[in-house]
Every structure is written in C-alpha cells, then in structure tokens.
Amino acid sequence: MLKCGAYERQITPKLGSRIPGYFEERISEDVLDELMVKALVFDDGKNTVGFCELDILHVRADMTKKIRERFALLTGVYDAKIMVAGTHAHTGEAVEENDEFALPDENSINATCEKSADALALAWKRRRECRVGFGSGIIKDMAFNRRFWKKDGKVHTWPGRCNPDNVREAAAVDEEVAVVRIDSPTGEPIAVITNFANHLDLIGGCKFSADYPGVLSEKIKSVLGENVVSVFMNGCCGDVTHINYNTTEPYPTDYYITVGKRLGEKVLEIYGDIHCETFDSVSGESDLTVIPRRQPTKEMYERGKREIAEFEQRKAQKKEQDGYGNPSTGNADLMALSYSKCNVNLYENPKLSETVETQVIRVGNIVFNGMPGEMFAEIGLEIKEKSEYSRNINVELANGCYGYIATKKAFGEGGYEVTLDRYVNMSEDTADIMTKSILDLQKRV
C-alpha cells in the first residue's frame, strides 16, 4: 500500500535581507507571516517520489541539486524523484542578482537548501499508509490576464485599469482549482495539495510573507487541524495577475487575505467531495534539454551603453541640483536602465544556451508536470488538453527558473514578458519544446 509523509518548517531569512521581485531595492524590516517549506514524500515500496515547495520567488537549478543530494545523504534513498519548486512569493528571499536591487546572500540560500532537504527527510521518516483523492473546480474573477491588445495594434503588459486605449485581453487564464487530498486509511487528514495559477504579488512593501498561500494554509488548518500540511503548487501564470484591468473598483486593504480565504473556502468545498482511493504505485521521469538563448544585437549593445551613460549623467545632475544621489525606484526609467544594463552584460558575457530540466511525477493516476520558468497560462491549458491523463497538476518554477516562458505567438505581439533582458532570453521555441517534453514524459511514468 502507498505510504506518504508530510512535514513543514520555517525558512524566513534574517531581517535586513533583500526582498526580490521589483525594479527597486527592498530591505526586509518585518515579518507579516513566516516563510515555509512544505515537503511531501510518497513511497510504494519500490519507488520514492517527493515534492518540496518553498515560499520563495523561485528556485535555481543548483538549489534543486543541493536539496536532492542532501535528502539522499540523510535518508539513503539515492534514486528518489524529487520536484523542487518556488511558489513565486514576491515577499520572500532573494535568489538571483537583479542589478543593485536584489543581491542574493549565498550563505542564507545554502541554509534554505539545508532546511528544505531536512524537511523532505523528516517527511520521509513520517511516511505512513495513505489514501489519495483528486478533485477540481472553477473559481471566477480571481485571476486575470495582464497582457492587453491596445489600439496601437500591439500587446502591452500592465495596460492600466479601464484605459481607453485597451481593446481586449491577449489570452485566456486557467480558472481551475485542483485539489489533492491525502488521508490515512482511517480518514485522518495528512496533507492537502492546492494547484491554482496566479501570481503571488499581492503585498509589496518590505515585510516577509508567503502571500495568499499562507492565508490558505491557515484556513485549511483551522478546519482540518494544525498538523495538516497545506502544499500550494502554482500553476502556469506567467501572464496572469490578480488585477482586473476592466474595472476601477478598488481592492480591499490586505487583499491577499481576501484571496487566501476565498481560495481556502473553494479548496475545502472541493476537498469535502473528494473520494480517496488506494493507489499502489508512484513514478517519476525527467528530461534534460539544451535550449538556445536569445542574444542582443550589436545595435542593442551600443544603444545600451549610450543609455547607461545618459542615465548616469542625469543622475549626477540631479545630485548636484537637490543633493539626492539615488534615483527613485520602481519607475519606468529604472526598468529601461535595467534593460540597457542587461543588453550590455549579455553581449559582453554571452551564454548561448541553457540545459533545462522538465519533470513529470505520477502518484496513482495523478500527474504533476514540472516546468522551470514563469509559464504562460496557454501553455498549461494546452498540456491539460493534450494530456492522456485527466488529472493534471501543472507546476511552474520547478527545478530551476529560466525567466518568462511565453507562447511563440507572444513574441510577435510585444510586452514585458518577451522583451530581451537578463531574466527573459530563452529561445522563442522554448514553450513548444517544454510542452512536447512534458507530454513525452507522461508516456514514460
């Protein structure tokens, strides 16, 4: 009979650490709620698979490697198939250098990896016989596409609410909420997996927070018990936001709480209707694929150098005029400067390809599709449509992150998510390559 273990622990960094996610410097000064790592391990007697979800913007491939290796050393299970992913919290730990805005602390990242591997090992030690069930439902008016066609015939990201130049959304969103219920044979809840596709960007500021999945966890624990582990797996939401650009109706204060509670109510509604089954097998497969990276042209490089010099000149003039040496943060000028810096850096330090991992883990008749990037919603919808499985959990930002992964057609439309920079530089074929890989892997698990 299948066994499962679950464990969670805190991974909140020290105050004074940088918080990533925007074109501005944010230094942590408080904690709204603790950042956590949630771990699940399944064992069928022959195969072991696991999931490690961190309240973090994303994980790097080297972080995934460290977590897997430490889990193996701690447990002696060297052939486990482990999926490591970030929830995409914009109020978590910095993991990548983003100009001067978010410099990672490698000692802190190593500690996070150790805690995450330990959580997996402790979940493995706590595994017991289990029954698993799947359910899903639709939740409306909580996720919206943030890319709009405008009257100029191009697609713009963050188009402005009720902007008269807006024509229509550029693509659909995935409104499905998928829930995996994991119980003991006697019906005692062990863990709940929630899969929903929406950005974790509802808070801002300089306080650590897990965003709405933290509120979701509180809601689930308040009903099912404090020992239940709530695991949030973010779906394909690279072009999705909580902001409805077709209305100017104000959002309530602490909107992340509203979203978390509403999502929690929906999850518990679905959970109550799930019939758990006795599964007898798990498996996992991964592919490593070399994918080209886009490169800036010589013209982009020269323009970038000019724009950097012009910015520095304006900054010096401003300092001379008002005594303020640092520019305001989070504005269009700083975003443009970041693009210029990236084009110069990419041109001078070319990296022509990336080796990326796609992964599928099967638990009974449920498949978890792991992809290493901020995947556009249409990619996830295509996988669900073409999959031979009826129970799909799409997990973005799994086992690494290679920026926004847009549909091929999006590159001809425009927008922030396809503009070349340090974070966005994968081949226009990347989405098609990853989709094919996931569908092929599903045939092997």
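The lining of the largest cavity in this predicted model divides into three nonpolar, four polar and three charged residues. The charged members are D174, E176 and K384. F196, A197 and C236 make up the nonpolar class. The polar class consists of N195, G235, G380 and N394, with Gly counted as polar here. Two elements, strand 13 (189-196) and helix 7 (377-386), each supply at least two residues of this lining. N195 and F196 fall within strand 13, while G380 and K384 belong to helix 7. The space inside the largest cavity amounts to about 60 Å³. Across the whole structure, the search finds three cavities of 30 Å³ or more.

Open pockets were also examined. The second largest pocket has a volume of about 210 Å³. Its lining comprises 17 residues. Closest to the pocket centre are E34, M36, K38, G214 and S217. Strand 3 (36-43), helix 3 (212-224) and strand 15 (229-234) each supply at least two lining residues. Helix 3 gives the largest share, five residues. Among the residues closest to the centre, M36 and K38 lie in strand 3, and G214 and S217 lie in helix 3. By class, the lining of the second largest pocket has eight charged, five nonpolar and four polar residues. E34 and K38, both close to the centre, are of the charged class.

Note on methods
Residues numbered from 1 in each chain as written. Predicted model: local features only at pLDDT ≥ 70, side-chain atom pairs only at ≥ 80, totals over all residues. Heavy atoms only, no water. 1 Å grid on protein atoms, 1.4 Å probe; cavity = no way out; pocket = protein on both sides within 12 Å on 5 of 7 lines; lining within 4 Å. Points joined across faces, edges and corners; volume = space filled by probe spheres on them. Helix = DSSP H or I, 4+ residues; strand = E, 2+ residues; numbered from the N terminus.
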